[in-house]
Amino acid sequence: MKMSNGQIGRRLLGFLVAGMALAAGGAAVAGQPKPWEITLQEAATPVMENIISFHNLLVWIITIITLFVLVLLVIVVVKFNAKANPVPSKTTHNTLIEVAWTLIPVLILVAIAVPSFRLLFQQLDIPKADLTVKATGKQWYWSYSYPDNGKFEFDSLMAADKQPRLLGVDNEMVVPVNKVIRIQTTGADVIHAFAVPAFGIKIDSIPGRLNETWFKATKTGMYYGQCSELCGKDHAFMPIAVRVVEDQEFASWVEAAKKKFATAPANTYASAGGQDVR
Ligand SMILES: [Cu+2]
């Protein structure tokens with residue numbers, strides 16, 4: 001396909017306008033992906049803050065290593081090519097260099113391991129939970145139940161008419177701000193995965209197993225995630241939408257939810273001809 005000068009001009013103008021729109025509105029919403037985003041989503045929990053700083057540390061380390069190797073390669077190419085160095089040295093061993101190129105990478109790995117294990121421990125060692133929410137992955141939506149608040153359960157299906165597109169749902173999961181939320185998750189049919197990038201959580205939802213993770217959202221707002229295990233034809237259409245609210249708002253939501261979801265237990269899966277494993 002060949003473009004005329006006019007077409008190229010229009011396309012460039014389009015990019016420019018899109019870029020300006022991004023610069024103007026790019027910083028808009030946290031808790032969801034942004035157009036042209038190349039960084040991790042903005043953190044809403046202490047765990048995600050630590051994931052981001054660990055990620056940034058690793059980027060520095062790999063950048064320095066890559067540049068170092070590049071410099072060595074350039075030196076070899078320039079100094080030791082057949083023209084510049086017609087009579088090559090016959091050296092085969094150098095104890096100092098061999099010890100160094102074994103020891104230094106080991107030390108770098110140990111230096112990485114320390115913050116890595118600290119982060120892993122923070123993620124896996126669940127603090128005393130203020131609230132437990134059970135998230136059940138189903139083909140193809142999530143069901144949430146609140147065992148601490150009257151055991152009500154409801155389905156959360158993607159709502160085609162809601163924004164953000166492919167992330168908005170009919171019934172959001174609601175949790176209080178600044179509270180330790182324990183997520184227990186399982187799969188009702190196949191393996192799904194419960195993941196919310198801004199919270200730094202991603203855990204498999206496996207039939208017959210109950211997996212646990214936790215988060216403590218420090219800012220109110222909407223946070224979106226998606227099923228992160230290829231689970232069938234509508235895998236891309238079972239978003240996770242979490243609304244983080246103040247304590248009082250949570251309490252009144254619980255009261256309303258108890259009534260709203262009391263008479264309609266989450267049995268759409270069973271009535272759809274499947275087998276309900278709850
Ligand atoms: Cu899934």
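Reader: Which residue stands opposite P176 in β10?

Author: This is a predicted model, in which local features need pLDDT (the predictor's confidence in each residue, from 0 to 100) of at least 70, side-chain atom pairs count only at pLDDT 80 or more, and totals for chains, interfaces and linings use all residues. Residues are numbered from 1 along each chain as its sequence is written. Strands β4 and β10 (residues 239-245) run parallel and are joined by 4 bridges; helices (H or I, at least four residues) and strands (E, at least two) are DSSP runs, numbered from the N terminus. Opposite P176 in β10 stands V245.

Reader: Which strands stand at the edges of that sheet?

Author: The open sheet has 3 strands in the order β4-β10-β9, with mixed pairing; two strands pair if DSSP finds at least two bridges between them. Each edge strand has a single partner, so one side of it is left without a neighbour in the sheet. The edge strands are β4 (173-176) and β9 (221-226).

Reader: What angle does the direction of α4 make with that of β4?

Author: Helix α4 (residues 247-262) packs on the sheet and touches β4 and β10, a contact being two C-beta atoms, placed from the backbone, within 7 Å. Axes are lines fitted to C-alpha atoms, for helices over the stretch in contact, and angles run from 0 to 180 degrees between N-to-C directions. The direction of α4 makes with that of β4 an angle of about 140 degrees.

Reader: How many of the 34 residues of α2 are buried?

Author: A residue is buried if 20 or more other C-beta atoms lie within 10 Å of its own, exposed if 12 or fewer, and partly exposed in between. Helix α2 lies largely in the open, because the number of its 34 residues that are buried is 2.

Reader: Which residue of β3 stands opposite S143?

Author: In strand β2 (residues 141-145), 5 of 5 residues are buried, with Y141, S143 and S145 on one side and W142 and Y144 on the other. Strand β1 (residues 131-138) pairs with β2 in the antiparallel sense over 5 bridges, and there S143 is the bridge partner of T136. Strand β3 (residues 153-156) also runs antiparallel to β2, joined by 4 bridges. Opposite S143 in β3 stands D155.

Reader: Over which residues does pLDDT stay under 50, with 3 contacts beyond four places in sequence?

Author: The mean pLDDT of the chain is 89, and 84% of its residues reach 70 or more. Where pLDDT is low, the predicted coordinates should not be read in detail. The stretch with pLDDT under 50 and 3 such contacts is residues 20-27.
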